[in-house]
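Good morning, and thank you for joining this meeting. May I ask you to bring up the sequence and the coordinates, so that we can go through the model together?

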Amino acid sequence: MSLELLNNPFFVTIQDRGRFSYSHIGVTNSGVMDEYAYYIVNKLLNNPINTNVLEIGCPNVIFKVNKTTTIAITGANSEFFINDKKMQLWQSYKVKKNDILKIGKIIDGNWIYLSILGGFDLKKEFGSFSTTIKESIGGLDGNRLKKGDVLPFHKSSINKKICKTFLKKEFIPKYEKELVLRVILSYQYEDFLEDELSKFFLSDYFVTKDFNRMGVKLKGNLVNCTLDGILSEGIAFGSIQIPKDGQPIILLKERQTIGGYPKIGTILNIDCFKLAQAKEGTKIRFKKISYENALLKSKEFYFSLS
């Protein structure tokens, strides 16, 4: 009972929600870049909330199914084929032994999620299945998948209802070319002059090619801080660092655990999931949000998926 990778894709890894409570020893959280697509792909299969999945960040990925099971696929708008027949994303499908699954061109977004009924039969490291390549932990040998890798999955009975589940169109996200990201100001915001804060919130920024699982660098009006640097300290998911060149860096799932650049604020976590799917050139605007409202919005998001 397994899924076999038939070619050498650029970037496919095993992920789940990530690992927590290990930052003090330098182990990053890691985990899926887009939690919305991740939760939905498991919900379509009625899998437990933290079931591991394939996170696919490239086109042209080909798998062979070695045992009848049920799969689901969500995330970036892309071509998906079963035995050369084009299929829709945000649905579940029964697949049979020797079926060929293929991810073709990615049209909008960056990350695709493929889940198996019951999940892959792998071992956790530091409480998670998530792959962190720079630390060589998690997933399959702590690395991206390669040709010939075989992913065993748990034995599970086929549920006919699960084979036909899908997400209603109104809930399928559109990956916009303009995003408004809500920001909770950090305790270091007082080290930015009022004019610099105004510039930050009134300017357009653009996603650059410097974008990976660690974070994304933006391009736009320079923001200056009165601090030349700070002592390295812990960094939260979504932190907005302002390095010496004045161009904001937003830190994401595989961020380093400490850093020494001043932070103007932190992006609301659920907005980071939208940012994760943004293409190079996407326009970014920032909007302040209070801690109380941020907490409420985050709770509403996770409650809607429970």
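I shall begin with Tyr 38, which is buried, at a relative accessible area of 0%. The next residue to consider is Tyr 39, also buried, with a relative accessible area of 6%. Please keep in mind throughout that this is a predicted model.

How are the rings of Tyr 38 and Tyr 39 arranged: stacked, edge-to-face or tilted? Their centres are 5.4 Å apart and their planes stand at 55 degrees, so the pair is classed as tilted. The edge-to-face class requires planes over 60 degrees apart, and 55 degrees does not meet that cut-off. The total for the structure is 15 aromatic pairs.

The two tyrosines also belong to a wider arrangement. Ring pairs join Tyr 36, Tyr 38, Tyr 39, Trp 90, Phe 237, Phe 273, Phe 301 and Tyr 302 into a cluster. Two members deserve a separate word.

Phe 237 has a charged neighbour: the charged end of Lys 253 is positioned over its ring, 5.4 Å from the ring centre. A similar arrangement involves Lys 288, whose charged end sits over the ring of Phe 201 at 5.5 Å from the centre.

Trp 90 is the other member I would single out. Its position is the loop between strand S6 (85-87) and strand S7 (91-95). Is Trp 90 buried or exposed? With 5% relative accessibility, Trp 90 counts as buried. Its backbone is worth inspecting, since most residues other than glycine have a negative phi. Trp 90 is not a glycine, yet its phi is positive, at about 60 degrees. Ser 136, again not a glycine, has a positive phi of about 55 degrees. That serine is located in the loop between S8 and strand S9 (150-152).

Let us turn to the nonpolar core. In soluble globular proteins, nonpolar side chains tend to be buried together. Here the largest nonpolar core has 84 residues, and those touching the most other members are Leu 54, Phe 63, Phe 80, Leu 101, Ile 250 and Phe 286. Which element supplies the largest share of this core? Strand S8, residues 100-116, does so with eight residues.

Leu 101 serves as an example from that list. Leaving aside residues up to four places away in sequence, Leu 101 touches Leu 3, Val 61, Ile 62, Phe 63, Val 65, Ile 71, Phe 80, Phe 81, Ile 82, Val 95 and Leu 114.

Strand S8 also contains a polar residue of interest, Asn 110. Asn 110 is buried, with a relative accessible area of 17%. What does its side chain reach? The side chain of Asn 110 comes to 2.9 Å from the backbone oxygen of Ala 276. Beyond four places in sequence, the contacts of Asn 110 include Ile 56, Gly 57, Phe 211 and Lys 279.

Ala 276 leads us to helix H3, residues 269-276, which is mostly covered, with six of its eight residues buried. The buried residues are Ile 270, Asp 271, Cys 272, Phe 273, Leu 275 and Ala 276. Phe 273, we recall, is part of the ring cluster.

Cys 272 prompts a question about cysteines: how many disulfides does the structure hold? The number is zero. Cys 272 is buried at 1% relative accessible area, and Cys 58 is buried at 3%.

Finally, two serines. Ser 130 is placed in the loop between S8 and S9. Its relative accessible area is 0%, and it is therefore buried. The side chains of Ser 130 and Gln 15 make a polar contact at 3.1 Å. Among the other residues touched by Ser 130, beyond four places in sequence, are Ile 14, Asp 16, Arg 19, Ser 30 and Ile 137.

Ser 23 is found in the loop between strand S2 (12-15) and helix H1 (35-43). With 36% relative accessibility, Ser 23 counts as partly exposed. Not counting residues up to four places away in sequence, Ser 23 touches Asn 29 and Thr 257. How far apart are the C-alpha atoms of Ser 23 and Lys 97? They are separated by 41 Å, and the two residues lie 74 residues apart along the chain.

That concludes my presentation, and I thank you for your attention.

Notes: Residues are numbered from 1 along each chain as its sequence is written. This is a predicted model: local features need pLDDT of at least 70, side-chain atom pairs count only at pLDDT 80 or more; totals for chains, interfaces and linings use all residues. Side-chain values use heavy atoms; hydrogens and water are left out. A nonpolar core is a set of buried Ala, Val, Leu, Ile, Met, Phe, Trp, Tyr and Cys residues joined through side-chain atoms within 4.5 Å. Buried means under 20% relative accessible area, exposed over 50%, partly exposed in between (1.4 Å probe, protein chains only). Helices (H or I, at least four residues) and strands (E, at least two) are DSSP runs, numbered from the N terminus. Contact means heavy atoms within 4.5 Å. Rings of Phe, Tyr and Trp (its six-membered ring) pair if their centres lie within 6.5 Å; planes under 30 degrees apart count as stacked, over 60 as edge-to-face and the rest as tilted. A charge sits over a ring if NZ of Lys or CZ of Arg is within 6 Å of the ring centre and within 35 degrees of the ring normal. A polar contact is a pair of N or O atoms within 3.5 Å; within protein, one must be able to donate a hydrogen and the other to accept it, and residues adjacent in sequence count only if both atoms are side-chain atoms. A disulfide is a pair of cysteine sulfur atoms within 2.5 Å.
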